Amino acid sequence: MVAVNVVDVWKKFGKRYVLKRLRFKVEEGEVYGLVGPNGAGKTTTLRILATILKPDKGDVYILEKSVVKHTNHVRRIISYLPEDVGVYKHLTGREFLKINGLIQGLRDRGLEEAVEYGVEISGLGELVDAPMGSYSKGMRRRIMVARTLMSRSRVLILDEPTSGLDVEHAVYVRRLIKDYVKQMNASCIVSSHNMLEVEYLCDRVALIKDGSIIVEGNPKQIEREYDAENLEEVFIKVVRK
Amino acid sequence: MSLTALIYKELKELLMEKTILIGVVLMPLLLFPTIGGIFSFTMMEAARTGETEIITLAVNDLDEGEYSKFLIDKIRESNVQLIFIRGSSNLNELFDKGVAAFIEFPIEFTGKISAGQKAKIYVFYNVKTVKIGSLISISKVSGILSRAYQSLSEKLAEERGVDLEFLSKPIEEESNTFYRGDVLNYPPTVMVNTVLSSVYGLPLVALIVVALTATISATSIGLEKEAKTLEILLTLPISRLKILLTKMLASTIIALIGMFSFGVGFGIYLILAFSRISGLQEVSNMSEDMDVFTNTGLPPPLNSTGVIILMFTIFIAMLLTMSIGILVGVLAEDVRGSQQLVGAATFLPMFPAFFLTAFINLDELAFPASLLMMLNPYTHFFRAIDYVATGKYLEAVSATMVTGLFTLAFLIISAWLFSGERLITLKVSLRKKKEVS
């Protein structure tokens, strides 16, 4: 079953088109990577998927529901992690997770289990009961990743999930995402500048430039196609074209 | 349940925010009592100095006639110390010695009065510093002289066999006021003052709270933008209208806490500052003015229907201002931007509406000006209050409904902006954009 279906999406800001007839599909249980230079349109794509922005033309279907027509339904099945996201500095990590659980419709035992799961995967220990304003950049990112995964959504939209994390925690978060997708048979769209991360996480990758996909496929397959040792090399070759 | 969670989040984030906690909750509790305490202390000190200090006056009696001597005797009766000067005098030297005032009776002072002409007296007051203490000293000297002049008037009237009381006030007016179909046995000024203080006083205090509400509601959105938490909030399965409502509700709760804090602080200020006024009636007529309102025994200007309509009108004005605050919060880039914009967005229409409604009959304004006024939502709020004060309750409700329509329009615009991507892309600020190098 197709979990995410992006159909001929156009988007412009002012007079400049940021996305031009963008189209791709993500299957259930698949991790799909979006890579590309700055300003290529990755974040705009993810924001459209997350129902924050609306496409000027075209549509996106998440588990067959249109982000334009069935916005509220889509919000129930997705979980979005923005790249540059802050925290409510006076709420504790636990309070934040609980409030998110409540808004996502979790109650009683389900809510308790989700919060405990969030606390556990955040790896914050006792600090989960401290105000989030006192958290370091890495700790803030971990609580946000925990929030994204705790509700067990069927579609994850992750913009630079390991941004600001040290190597140890980045590896931990990548493993978390991979395990989550496997266990939940969920779908995940990841945007990243880290080619190692993309290679490790993604079943398929799309290289986006000037608002259109110019290369798409399995990472190993793309590397062979471009006679490159890794995705980074492919990226350089494609971007310089 | 999700609404309760959101309200909890809003309240905690807003109440723990330093600008709100200090500015809205703590500042009125600290500031007003401090000002009241300082004011009270100053008044007490000034009064104590005024009571214990014996006033020294310098007198140069060039006339040395019957009436100048009579006045000097009367001045002496007021327990003052008199220094007599002969010939020319140096004011600097005199005042350096602590003389409160220098009085000079010119030659022919008595002669002129005897001839039925007005005589002049020269008084030079010593103002050392422009402070309340100086005002008390000046008032005391002025009072002593006024009493002496009155005694001279009475003496002259007696000498000439004239009824002074009759001549000074030959007509006694009994003022009555025709108000809303009733004849009241009070002067219209007293009646108008009472109505103004009771009917307009409340809305003016309410406007302070209302302005506060706008700042809080604007800040609550500004905080989300500044902390970059808005993107997550917008992808949660909760309607944008609910998000707006929780922000409005939380703002109202904090505004009420602020109003309580304001009330307590202001109450302490009044107790501290004005409990001393009654003992200083020579200094100020304020307490007499206050007595006018409490002792007239006027019937209350509003009946229960009027009070209910007035409260309803104020409530709608609160919603109106809050909706403007929400709109500003949506448009602004961050907390600072929203707080800057909200002042302009609320006070700019509020003050012209208040003053123009108070002093001008809007129905008599020329077309473009009246249209401009009618487009100002606060005009209808103040008109409603006007109608309440004059007992035109139906018109008051109509004007309030118009205010309500403006509120609805602002809320619809806010919700429209909030529901779409404009919330992410719109950034309005009063500050200059930083130049990108």
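**A tour of the cores and the chain B sheet**

Start by selecting A:Ile143: setting aside neighbours within four places in sequence, its contacts are A:Val87, A:Gly93, A:Phe96, A:Ser122, A:Leu124, A:Met132 and A:Tyr135 (in contact: C-beta atoms, placed from the backbone, within 7 Å). Keep in mind that this is a predicted model, where local features need pLDDT of at least 70 and side-chain atom pairs count only at pLDDT 80 or more, while totals for chains, interfaces and linings use all residues. Residues count from 1 along each chain as its sequence is written, and chains are lettered from A, with ligands numbered from 1, in the order in which they are written.

Now widen the view. The largest nonpolar core has 132 residues, and A:Ile143 is among those touching the most other members, along with A:Leu49, A:Ile157, A:Cys188, A:Ile189 and B:Val328. Such a core is a set of buried Ala, Val, Leu, Ile, Met, Phe, Trp, Tyr and Cys residues joined through C-beta atoms within 7 Å; buried means 20 or more other C-beta atoms within 10 Å of a residue's own, exposed means 12 or fewer, and partly exposed is in between. Colour helix H12 (residues 304-331) of chain B next: with 15 residues, H12 gives the most to this core. (Helices, H or I of at least four residues, and strands, E of at least two, are DSSP runs numbered from the N terminus.)

From H12, hop to B:Met401 in helix H16 (393-419) of chain B. B:Met401 is exposed because just 12 other C-beta atoms lie within 10 Å. B:Thr313 is 88 residues away in sequence, yet the C-alpha to C-alpha distance to B:Met401 is 8.7 Å.

Next stop: the open sheet in chain B, four strands in the order S2-S1-S3-S4 with mixed pairing (strands pair if DSSP finds at least two bridges between them). S2 (81-84) and S4 (122-125) are the edge strands, each pairing on one side only. Neighbouring strands are turned by 20° on average, direction ignored. Zoom in on S3 (101-105), which pairs with S4 in the antiparallel sense over 4 bridges; there, B:Phe102 has B:Phe124 as its bridge partner.

Add helix H3 (66-76) of chain B, which lies across S1 (56-61), S2 and S3 and runs at about 170° to S1 (axes are lines fitted to C-alpha atoms, for helices over the stretch in contact; angles run from 0 to 180 degrees between N-to-C directions). A second, separate core of 12 residues includes B:Ala58, B:Ala100, B:Phe102 and B:Ile144.

Finish at B:Glu77, in the loop between H3 and S2. B:Glu77 counts as exposed because it has 11 C-beta neighbours inside 10 Å. B:Ile144 is 67 residues off in sequence but 9.2 Å from B:Glu77, C-alpha to C-alpha.

Key:
Two residues are in contact if their C-beta atoms, placed from the backbone, lie within 7 Å.
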